[in-house]
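Let's walk through the charged side chains of this protein and see which ones pair up. Have the structure open as you read.

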Amino acid sequence: MMQTVLALFLVVACVHAASWPQGKYTLVKPNSGCPPGWAEGWRHQDNEDGDNKNALSSGHHFSGSFGRNTRTNYCSKIREEKVTDWTTWKIVHWPKGTYCILRKGGKCPKGFANGHVHWDDEDSNNENAFGGTLPDGEYGRNTLIQYCCRTDGSSNTPIELPTSKPFYLVRKSSACQRVKGMNVRGEYIKTDDEDKDNKNSWSGNYPSIATGRNIIVYYCYYS
């Protein structure tokens with residue numbers, strides 16, 4: 001009997017150590033890959049043709065293709081299984097802090113509020129495309145992505161998340177959220193959006209971005 005209990009204890013402990021918080025959500029894929037078992041997808045944005053000014057942070061770790069157009073890859077947790085903390089036997093939710101993730105499954109996980117960003121992509125000979133599993137949004141001739149953000153804790157107070165592989169969060173304030181046991185650096189993706197009659201927009205509880213005719217989204221890379 002004791003051996004059975006000990007085995008169960010070890011299994012639960014290992015699951016907790018390797019698992020992300022409960023719920024459905026999406027993260028931007030780093031070049032090191034997605035967490036095991038997550039669904040993958042990609043979005044190709046046809047950016048401005050004339051005098052294109054797309055840009056990325058130097059030494060970035062994004063998985064995708066970044067030239068005159070932008071292809072961003074994504075990792076989505078699409079299973080709703082309950083994740084239990086073996087030390088308290090409580091469900092593991094996202095910790096309090098100041099950061100954003102990408103929405104998946106029609107609603108934000110507990111503690112987050114919803115917002116979105118809309119990119120007015122190139123009008124002429126638009127070649128937008130997508131594949132696989134993507135965050136909630138609209139993926140036609142323009143791009144709209146739904147985000148989940150929170151500001152219920154200090155970004156300077158380290159939160160606990162899995163540390164076995166690098167990952168991205170989306171920045172919410174002027175500073176990246178600290179994560180226990182991980183180094184962090186800020187990175188960004190700038191898209192040169194449609195010049196003529198530009199209709200970029202943002203609403204709700206959206207991430208830290210540079211707004212205007214071109215959009216810069218700021219990310220936090222953890223390794």
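**Following the salt bridges**

There are nine salt bridges in this structure. Keep in mind that you're looking at a predicted model. Let's take a few of the pairs in turn.

Start with Glu 40 and Lys 29, whose closest N and O atoms sit 2.7 Å apart in a salt bridge. Where are the two partners? Glu 40 is part of strand 2, which covers residues 39–45, while Lys 29 belongs to the loop between strand 1 (25–28) and strand 2, so this pair ties together parts that are 11 residues apart in sequence. Now check how open each end is. Glu 40 is partly exposed, at 43% relative accessibility. Lys 29 comes out at 15%, and because buried means under 20% relative accessible area, Lys 29 counts as buried.

Next up is the salt bridge between the side chains of Asp 152 and Arg 150, with an N to O distance of 2.7 Å. Is Arg 150 buried or exposed? With just 4% relative accessibility, Arg 150 counts as buried. Asp 152, its partner, has a relative accessible area of 36% and is partly exposed.

Then move along to Asp 197, which forms a salt bridge with Lys 199; here the closest N and O atoms are 2.5 Å apart. Asp 197 counts as exposed, at 56% relative accessibility. Lys 199 has a relative accessible area of 48%, which makes it partly exposed. One more set deserves a look: Asp 192, Asp 195 and Arg 213 are joined into one network by salt bridges that share partners.

Terms used
Residues numbered from 1 in each chain as written. Predicted model: local features only at pLDDT ≥ 70, side-chain atom pairs only at ≥ 80, totals over all residues. Heavy atoms only, no water. Salt bridge = Lys/Arg side-chain N within 4 Å of Asp/Glu carboxyl O. Helix = DSSP H or I, 4+ residues; strand = E, 2+ residues; numbered from the N terminus. Buried < 20%, exposed > 50% of the residue type's maximum accessible area, 1.4 Å probe, protein only.
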